[in-house]
Amino acid sequence: MATPPVAPSQAAAGGNFEAPPPPAMQPPGTDMTGICFRDQLWLNTYPLDRNLIFDYFALSPFYDWTCNNEKLRMQSIHPLDISQLSKMTGIEYMLSEVMEPHLFVIRKQKRDSAEKVTPMLAYYILDGSIYQAPQLCNVFAARVGRALYYISKAFTTAASKLEKIGYVDTENESETSEPKGGKETIDFKEVKRVDHILASLQRKLPPAPPPPPFPDGFVPPTTEAEKEPENQQTAEPQPPAVDPIIDQGPAKRMKF
């Protein structure tokens with residue numbers, strides 16, 4: 001005689017039902033230059049050296065738990081063992097620069113073979129605080145955008161000054177019919193011509209050039225200036241973009 005099927009709830013009550021495993025942790029975002037991580041309790045307990053620095057980095061939100069280094073840690077192998085990492089493919093972390101105990105630079109890269117790796121991101125640990133290094137293309141784009149902003153603002157200021165000078169000189173000419181001998185005469189046609197040239201240059205001033213292509217898997221941050229490129233030439237110059245070094249340096253990042 002066949003036994004009736006057991007319901008899942010009854011199987012769970014009888015201990016025969018296994019709960020599903022917890023969902024895997026998601027990899028961190030690519031743009032995390034606005035925060036920093038520091039665990040003072042860990043720093044007070046363990047020293048910062050090349051042997052333990054990766055264990056400290058693994059505590060931060062920058063760490064990708066799907067990397068090959070984590071697989072080596074689960075096998076009780078040192079996560080930075082290059083002899084083991086070179087045999088694997090996928091995401092990995094490498095310790096590129098070391099100045100014990102103050103500075104450590106960790107590079108995130110994608111390994112396709114034992115000889116071929118593609119750099120993705122870089123992180124640095126400065127006196128126990130972990131930061132993500134900004135992309136060089138973001139730094140160049142921010143600096144060029146800031147330079148164009150101030151150049152456009154300078155053209156606007158120069159054009160307004162010339163208009164004001166021409167307006168004041170016209171009033172003085174109407175009040176005094178006899179010109180002074182020692183005063184230099186102003187050619188108002190030349191002033192208007194220069195004003196027209198400055199205004200045309202201001203309208204023709206192009207926006208910041210696009211940055212070079214990002215590495216695989218990197219998602220660039222979106223700004224309001226990129227969402228409205230058509231209004232940049234007609235409206236007033238927009239404020240410069242956030243500079244990853246000047247505006248988001250180590251002293252200005254939010255601590256995590």
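1. The loop between β4 and β5 holds D127, and in this predicted model the phi angle of D127 is near 50°, which is a positive value in a residue other than glycine. D127 counts as partly exposed, because its relative accessible area of 43% falls between the limits of 20% and 50%.

2. A second residue with a positive phi is S76, whose angle is near 60° although the residue is not glycine. S76 is placed in the loop between α4 (68-74) and α5 (82-85), and with a relative accessible area of 73% this serine is exposed.

3. The backbone also deserves a look at the peptide bond from E100 to P101, which is cis, with omega near -10°. P101 itself belongs to the loop that runs between β2 (90-99) and β3.

4. Just beyond β5 (129-132), in the loop that leads to α6 (136-175), the reader will find A133. Once its neighbours within four places in sequence are set aside, A133 is in contact with T33, A122, Y123 and Y124. The C-alpha atom of A133 is also separated by 9.1 Å from that of I245, a residue 112 positions away along the chain.

5. Turning to the interior, the largest nonpolar core consists of 22 residues, and those that touch the most other members are Y56, F57, F62, Y93 and I125. Two or more residues of this core come from each of β1 (35-37), α2 (40-45), α3 (53-57), β3 (103-111) and β4 (117-126), and the element that gives the most is α3, with 4 residues.

6. Helix α7, which covers residues 188-204, contains 17 residues and spans 24 Å from its first C-alpha to its last, close to the 24 Å expected at 1.5 Å a residue. Which residues of α7 are buried? They are V191, D195, L198 and S200. When reading such a list, one may recall that an α-helix has 3.6 residues a turn, so residues three or four places apart point the same way.

7. For the protein as a whole, the secondary structure comprises 9 helices and 6 strands, and buried residues account for 26% of the 256 residues. Among contacts with a separation of 6 or more, 55% join residues that are 24 or more positions apart. The exposed surface amounts to about 17,400 Å², of which carbon and sulfur atoms supply 59%.

Conventions:
Residues are numbered from 1 along each chain as its sequence is written. This is a predicted model: local features need pLDDT of at least 70, side-chain atom pairs count only at pLDDT 80 or more; totals for chains, interfaces and linings use all residues. Side-chain values use heavy atoms; hydrogens and water are left out. A nonpolar core is a set of buried Ala, Val, Leu, Ile, Met, Phe, Trp, Tyr and Cys residues joined through side-chain atoms within 4.5 Å. Buried means under 20% relative accessible area, exposed over 50%, partly exposed in between (1.4 Å probe, protein chains only). Contact means heavy atoms within 4.5 Å. Accessible areas come from the Shrake-Rupley method with a 1.4 Å probe; for residues, only the protein chains shown count as cover. The expected span of a helix is 1.5 Å times one less than its number of residues.
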